[in-house]
Structure formats: structure tokens, C-alpha cells
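Me: I would like a close look at one part of the structure shown here. Please set that part in the context of the whole.

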Amino acid sequence: VPDFLPDVPVVRQDWADYLTSVQYTDDELGRVLAALRRSGQYTNTIIVYTGDNGPAFQRGKASCYPFGLREPLIIAGPGVKSGVKTGALASLVDFAPTILDYAGVPIPAEMQGVSLRSLLEQRPGAKGERLIAGEKFGDQPPAVAYQECAVFDGRWYYIRRNHLDKPRALNADDFEKKTWGNRTYGATLAARDKFPDKYLLMQE
């Protein structure tokens, strides 16, 4: 399990269930790609595979920690170099200018993000974003406004949080036992005497 979570059976099972859901998603993606191949449009399609947030665990979904903001990103399509892994920075705001670039549509000057096309095609000198930013807005009192923001340059991670005098608001998915059964929050509380550092990290 991630090193900021207590290594207890309940958390191990929660983490295994999460990994199972990832595998299921991969299987479903395979079916979509197979249908795309059968359509004859596979080699004429830009394929973007990503997520909208990190896993629904504390310090994950709806937090500005790396576990919350770092998401999977795989892009394939005409002109995209296959089998290339890069540490270049990219953000969801880069998707629109990238797709417009491939479609031959001018990118509006006021549009956020940059086209990743030169990076995807491995052109000499191609770079990703210089900085990546993230933010979290609280959805419950007392932090119904801006709660925290983060900036990452590929090496250093800076997080600034407001409302330090109040408890940190957690996303409901991170602690409520819903259909997918998030049990890690309760397990962290139950194991706080044995793993006090994990309990402390959950609150920060």
C-alpha cells in the first residue's frame, strides 16, 4: 500500500479492490480499441487515455498532493511516436490546443494550455509545460471557498493551504463507505495508536 496509509488488512483489501478496478478499466478500454480497429478508423484517430483525479483515498482525490493530482496519461494516434515514455509535464488544459493543432484549427490566443503535438511526435527541442498547477475548493463549511493550491515544476512541489486554523476538509469519496466500499479512512482511525504518523498525515 502507499507509504502514507497504514499497512493493515482492511487497507490492503481496499488497495487491492482499487487495483482490480484499474484492471477492469483496462479490459474495457481494450474492447473500445478493438471496436475502433474494426471500424477501420484506428489509424485515423487521436486516442487520449487519462483520469480526472487521483484514487479516492486520503491525500488522493480532491487533494493537492501528488497522489491526488497525478493522473494516467497515454496518447496514441497518427504521427504520435509509440512506446515513448516521457517525464515532460502536461495538464488537462493542454488537450484542447493539442486536438485543435492536429485538426489544423488555429489555437485561440486566449486559450489556456499548450499543444503537446511536438512533444508527442518527439520533435527536436520539444518540451511540455514549465509548471503544473492544481487547486482544491472546499465544498462544506468552514472551507467553502479556496482551500489549497499547488505548483509543481517536475522536481519541487509547493502547496499553499488556507484555513490552517480549521480541520482540513476531505472529499466525501475519501471517507464515506459508498458502493465501491472505501474502508481506508475508518481503518486509519482504528489503527491510529499503532500508526500515529499515518493518522497525522490523514489530517494534513
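My question comes next, followed by a single reply.
Which are the buried residues of helix α3 (residues 95–103), and what covers the buried residues of α3?

Reply: This is a predicted model: local features need pLDDT of at least 70 and side-chain atom pairs count only at pLDDT 80 or more, while totals for chains, interfaces and linings use all residues. Residues are numbered from 1 along each chain as its sequence is written, and side-chain values use heavy atoms, with hydrogens and water left out.

Helix α3 has four residues to name as buried: Phe95, Pro97, Thr98 and Tyr102. Buried here means under 20% relative accessible area, exposed means over 50%, and partly exposed lies in between (1.4 Å probe, protein chains only). The cover over these residues includes β1 (47–50), β2 (73–76) and α4 (117–120). Helices (H or I, at least four residues) and strands (E, at least two) are DSSP runs, numbered from the N terminus.

Thr98, within helix α3, is buried because its relative accessibility is 5%. Beyond residues up to four places away in sequence, Thr98 touches Val114, Ser115, Leu116, Arg117 and Leu120; a contact means heavy atoms within 4.5 Å. Just past the helix, Gly104 has a positive phi of about 75 degrees.

Two other positive phi values belong to residues that are not glycine. Gln122 has a phi of about 55 degrees and is found in the loop between α4 and β3. With a relative accessible area of 41%, Gln122 is partly exposed. Arg59 has a phi near 70 degrees and belongs to the loop between β1 and α2; its relative accessible area of 14% makes it buried.

Arg59 also leads to helix α2 (residues 66–69), where Gly68 is found. Gly68 is buried at 4% relative accessibility. Its contacts, not counting residues up to four places away in sequence, are with Asn53, Gly54, Arg59, Gly60, Lys61 and Ser63. For Gly68 and Asn53, 15 residues apart along the chain, the C-alpha atoms are separated by 6.0 Å.

The loop between α4 and β3 (132–137) also holds Arg130. Arg130 is exposed, with a relative accessible area of 68%. Neighbours within four places in sequence aside, Arg130 is in contact with Leu89, Phe152 and Asp153. The C-alpha atoms of Arg130 and Leu19 lie 31 Å apart, with the two positions 111 residues apart along the chain.

Strand β4 (residues 146–152) contains Glu148, a charged residue that counts as buried at 1% relative accessibility. A polar contact of 2.8 Å joins the side chains of Glu148 and Arg161. Such a contact is a pair of N or O atoms within 3.5 Å; within protein, one must be able to donate a hydrogen and the other to accept it, and residues adjacent in sequence count only if both atoms are side-chain atoms. A polar atom of the Glu148 side chain is also 2.9 Å from the backbone nitrogen of Cys64.

Next, the nonpolar cores. The largest has ten residues: Phe4, Leu5, Val8, Val11, Trp15, Phe57, Phe67, Ala187, Ala191 and Phe195. A nonpolar core is a set of buried Ala, Val, Leu, Ile, Met, Phe, Trp, Tyr and Cys residues joined through side-chain atoms within 4.5 Å. Apart from this core lies another, of six residues, among them Val80, Tyr102, Leu116 and Leu119. Tyr102 is also one of the buried residues of α3, and Leu116 is among the residues that Thr98 touches. In the ten-residue core, Val8 touches Ala187, Ala191 and Phe195, residues up to four places away in sequence not being counted. In soluble globular proteins, nonpolar side chains tend to be buried together.

Finally, the whole protein. It has six helices and five strands, in the order α-β-α-β-α-α-β-β-β-α-α along the sequence. Its C-alpha atoms fill a box of roughly 55 × 40 × 30 Å, taken along the principal axes. Of its 204 residues, 29% count as buried. Among contacts between residues at least 6 apart in sequence, 48% join residues at least 24 apart.
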